[in-house]
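User: I'm new to this structure and would like a close look at one part of it, the aromatic pairs. Could you walk me through one of them and then show me what else is around?

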Amino acid sequence: MKYLDLLKKIYKIKDLRRKILFTAFIFFIFRVFAQVPVPGVDIGSLKRIFAESQLLSLLDIFSGGTLANFSVLSLGLNPYINGSIIMQLLQLVFPKLEELSKEGESGREKINQYTRYLTVPLAAIQAFGIYILLLNSNILTAVSPLTLISLVLAITAGTMLLVWLGELITERGIGNGISMIIFAGIVGRLPISLFQQASIFDPSQIRNVIIFVVMALLVVVSIVIVTEARRPIRVQYSRRSQQGGSTNSSFIPLRLNQAGVIPIIFAVSLILLPSTFARFFEKSPNPLLANFSQDVARAFDPSGMLYNITYFFLVVAFTYFYTTVAFNTKQISEMLMKQGSFLPGIRPGSPTKKYLDYISLRITLFGALFLGLIAVLPSIGQSLTGITTLMIGGTGLLIVVSVILETTKQIESQLVMSDYDTFLTGAGRRGF
């Protein structure tokens, strides 16, 4: 009954209702285009290969199930994510880009525009790579140059369409658009996966099903705990008034997982590159290149030790990198000093920065190790059960749970603002 009343309250708030309905409409458009295939592909053979390959299944998760259908949205948001990684790394190399990122909303919009420009060639290159991969797998036959150009343009346009839909959600809907699109893709493919697993269910696998259910519950609970965990850093500041001086205090809520799901998304984009490129040259007429490609593909197989160790450390590294960007201790220490604020027992300026760095590094270590463990969870599940295909791994669960938590917070804040506006309106009518 409580949840029913909450839904009624959400529906009565016009602005919130409009945002939710707009987001649902964008999801509908996304799922419609996800079913529009690129012509000339044997979809049955394509799905069989994806069912047998964990690498391709992982790629399919982040494309929202569109890669297995080889739809116009086959690449998903992977080129945009890769472009974002490159732009963030370039900001560390080129001071002008770093200065641009600090210019507030206008600077961030410029960076986003550059990221969109970079996404186009990346999407075209990846689309051509997918064509070569399917050609080597005998799913596609060689096509004319005009047909190949049409294929590359269609898939590139599909990626840019997804980027645009994500930005529309950010501007007019609920939540972060890019994360919501990835969330919609993961959730959208679950009913089909459940149906397929149910149709081939073996009663002898009931033990493995129980293990997966227990692992999923433990992962969801741990994700919620870690995502919501905070380490408050006390800040004191003084206000001078006509009556004298008074000291007030507040807190900087340092999150245990400051980076969210971004490190895993970045790490997936990089860890898949060696295997993906190796598959392009597996059937090369050059024996040396073909053998080398096969060795790389085996070394970076998702069930292999090298893949999982590299994946784990990439997640840890990206967690520290993104936390450094999101929680800029130098900017925070300078802002506190300008406001006349200070941390108890810590001198303003450089000592404050060193203290914040010390706290951030310690807190981030636990969050980074947790994200790394979540990333390699499918391999742990396989070692316990022997099943090589999973409907949704730890990465998918982390994205789904994190997006739900963030979206719920946005809805709650909208409800609080609505209650506050209602209170002010009522107070004004009563003459307060």
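Analyst: Here is a look at one ring pair, followed by a few other spots and the overall picture.

A quick note on the ground rules: this is a predicted model, where local features need pLDDT of at least 70 and side-chain atom pairs count only at pLDDT 80 or more, while totals for chains, interfaces and linings use all residues. Residues are numbered from 1 along each chain as its sequence is written, and side-chain values use heavy atoms, with hydrogens and water left out.

Now to the rings. The structure holds 3 aromatic pairs. One of them joins phenylalanine 318 and phenylalanine 321: the ring centres are 6.5 Å apart and the planes sit at 75°, so this pair is edge-to-face. For the terms, rings of Phe, Tyr and Trp (its six-membered ring) pair if their centres lie within 6.5 Å, and planes under 30 degrees apart count as stacked, over 60 as edge-to-face and the rest as tilted.

Where do phenylalanine 318 and phenylalanine 321 lie? Both are in helix H14 (residues 305-326), 3 residues apart, which is about one turn of the helix. Helices here are DSSP runs (H or I, at least four residues), as are strands (E, at least two), numbered from the N terminus. Phenylalanine 318 has 9% relative accessibility and counts as buried; phenylalanine 321, at 18%, counts as buried too. Buried means under 20% relative accessible area, exposed over 50%, and partly exposed in between (1.4 Å probe, protein chains only).

Another ring has a charge for company: arginine 31 lies over the face of phenylalanine 30, at 5.2 Å from the ring centre. That label needs NZ of Lys or CZ of Arg within 6 Å of the ring centre and within 35 degrees of the ring normal.

Moving along to helix H15 (residues 329-338), you'll find threonine 329. Threonine 329 is buried, at 8% relative accessibility. Leaving out residues up to four places away in sequence, threonine 329 touches Lys353, Leu356 and Asp357; contact means heavy atoms within 4.5 Å.

For a partly exposed residue, try valine 214, with a relative accessible area of 43%. Valine 214 has its place in helix H11 (residues 206-228).

Finally, let's zoom out. The protein's secondary structure comes to 18 helices and 3 strands. Of its 432 residues, 45% are buried. Among contacts with a separation of 6 or more, 72% come from residues 24 or more positions apart.
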